[in-house]
Amino acid sequence: DSSSCYFEAQTNDLVQFGYSRDRRPDCPQLGTDLFVEVGSGFVPYGRSYEGNLPDVVRFPEALLDLRSQYPDDEEVTLLLDRGPVSEENLVLLRDLHYSVIAGVPLKGAWAGRVEGVRTFETAFNLNGTRYAAQRQRLRLQGHQFYFYTYYNHKSAQQEQQRRQRALKACQQALEGLRLGQYQLKTRAQIRARVDTLLQAHQVKTFLRVKVVKPRGQECFHLEIQPRKRALANAQHRDGRFALITDHQDLSAKEVLVQYRRKNTAETAFA
């Protein structure tokens, strides 16, 4: 697991500005990696790193350092969240003879693989929740992996409802702007406020907003249109998430159960 802490101070070699998990982008921060044994909470390895390094970039150094300190460890499975996962890092894990169960970021080629699943081959209940799952074989630079796409109907409904509420709230906020008054007199000022609202409601991907002033008129107004393709893609991803592992003998349910053991490590980290 990884975490960070921010400082109301100056930067130095380690304390740098970067993506802030604490939602304090105005403050420089320090990153921390811990490898935690999920059964006992024991920490065999930890390190601090520069606050401007994203997880996917700094993870290989931590992994190589871990292996150098424990060169004889065998049959170790690392449970990873989405942050450090990339094709290169998965291959490195297997090159170092680590097994892995990891969350997959829903972007790029990973997102395309998840969206490409049309039917699910298995279904199961876990802690009162119904899941469907589909397994695909995936070969990365000579290593065999198994890519699991999961779907939960209730989560899909909740995600769609949240997105609809956010879109409605953002549209109301946009329509309520007093264009031509206060700090909204120029196109640049209006555009900046529009971008702020789209980001605040997390709907910039789903709405296209144009600032227009018809010829012969003095006032600006907004043209608001939904991005239909982005909305359709998001709706198709609703309720879906993906895990990847090199374990061949685990069922879809067992992979999910094992992956959730990382919560023990996160608790120990706290």
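Which residue in E8 is the bridge partner of Leu-140? The partner is His-143. The model is predicted. This briefing covers strand E8 and its neighbours, helix H7, two pockets, and residues with a positive phi.

**Strand E8 and its partners**

- Strand E8 spans residues 143–151, and 7 of its 9 residues are buried, so the strand is largely enclosed by the rest of the structure.
- Strand E7, residues 129–140, runs antiparallel to E8 and is joined to it by 9 bridges.
- One of the residue pairs between E7 and E8 is Leu-140 with His-143.
- E7 and E8 form a hairpin with 2 residues between the strands.
- Within that hairpin, Gln-141 has a positive phi near 45°.
- E8 also pairs with strand E11, residues 240–245, through 6 bridges, and these two strands are antiparallel as well.
- Thr-149 has Ala-242 of E11 opposite it.
- In a regular strand, side chains point alternately to the two faces of the sheet.

**Helix H7**

- Helix H7 covers residues 252–259, and its buried residues are Ala-252, Val-255, Leu-256 and Tyr-259.
- Viewed down the axis of H7, these buried residues fall within an arc of 95°, so they line one face of the helix.

**Largest pocket**

- The largest pocket holds about 900 Å³ of space.
- Its lining has 20 residues, of which Leu-106, Glu-159, Gln-202, Phe-206 and Arg-237 are the closest to the pocket centre.
- At least two lining residues come from each of helix H4 (153–175), helix H6 (228–237) and E11.
- H4 makes the largest contribution to this lining, with 5 residues.
- By residue class, the lining of the largest pocket comprises 7 nonpolar, 5 polar and 8 charged residues.
- Strand E11 thus appears in two settings, because it is joined to E8 by 6 bridges and supplies at least two residues to the lining of the largest pocket.**Second largest pocket**

- The volume of the second largest pocket is about 720 Å³.
- Of the 31 residues in its lining, Phe-35, Val-36, Thr-77, Leu-78 and Leu-79 are the closest to the centre.
- Strand E2 (29–35), helix H1 (55–69), strand E4 (77–80) and helix H8 (262–269) each give two or more residues to this lining.
- E4 gives the most, with 4 residues.
- The lining of the second largest pocket divides into 17 nonpolar, 4 polar and 10 charged residues.

**Positive phi in loops**

- Most residues other than glycine have a negative phi.
- Asn-127 has a positive phi, near 55°.
- Asn-127 is placed in the loop between strand E6 (122–126) and E7.
- The relative accessibility of Asn-127 is 70%, so this residue counts as exposed.
- Gln-202 also has a positive phi, near 60°.
- The loop that holds Gln-202 lies between helix H5 (187–200) and strand E9 (207–212).
- Gln-202 has a relative accessible area of 66% and is therefore exposed.
- Gln-202 is also among the residues closest to the centre of the largest pocket.

Note on methods:
Residues are numbered from 1 along each chain as its sequence is written. This is a predicted model: local features need pLDDT of at least 70, side-chain atom pairs count only at pLDDT 80 or more; totals for chains, interfaces and linings use all residues. Side-chain values use heavy atoms; hydrogens and water are left out. Buried means under 20% relative accessible area, exposed over 50%, partly exposed in between (1.4 Å probe, protein chains only). The arc is that of the directions from the helix axis to the C-beta atoms. Two strands pair if DSSP finds at least two bridges between them. On a 1 Å grid over the protein atoms alone, a cavity is a set of points where a 1.4 Å probe fits but cannot get out, and a pocket is an open set with protein on both sides within 12 Å along at least five of seven lines; lining residues have an atom within 4 Å of a point. Grid points are joined across faces, edges and corners, and a volume is the space filled by probe spheres set on the points. Ala, Val, Leu, Ile, Met, Phe, Trp, Tyr, Cys and Pro count as nonpolar, Asp, Glu, Lys and Arg as charged, and the others, Gly among them, as polar.
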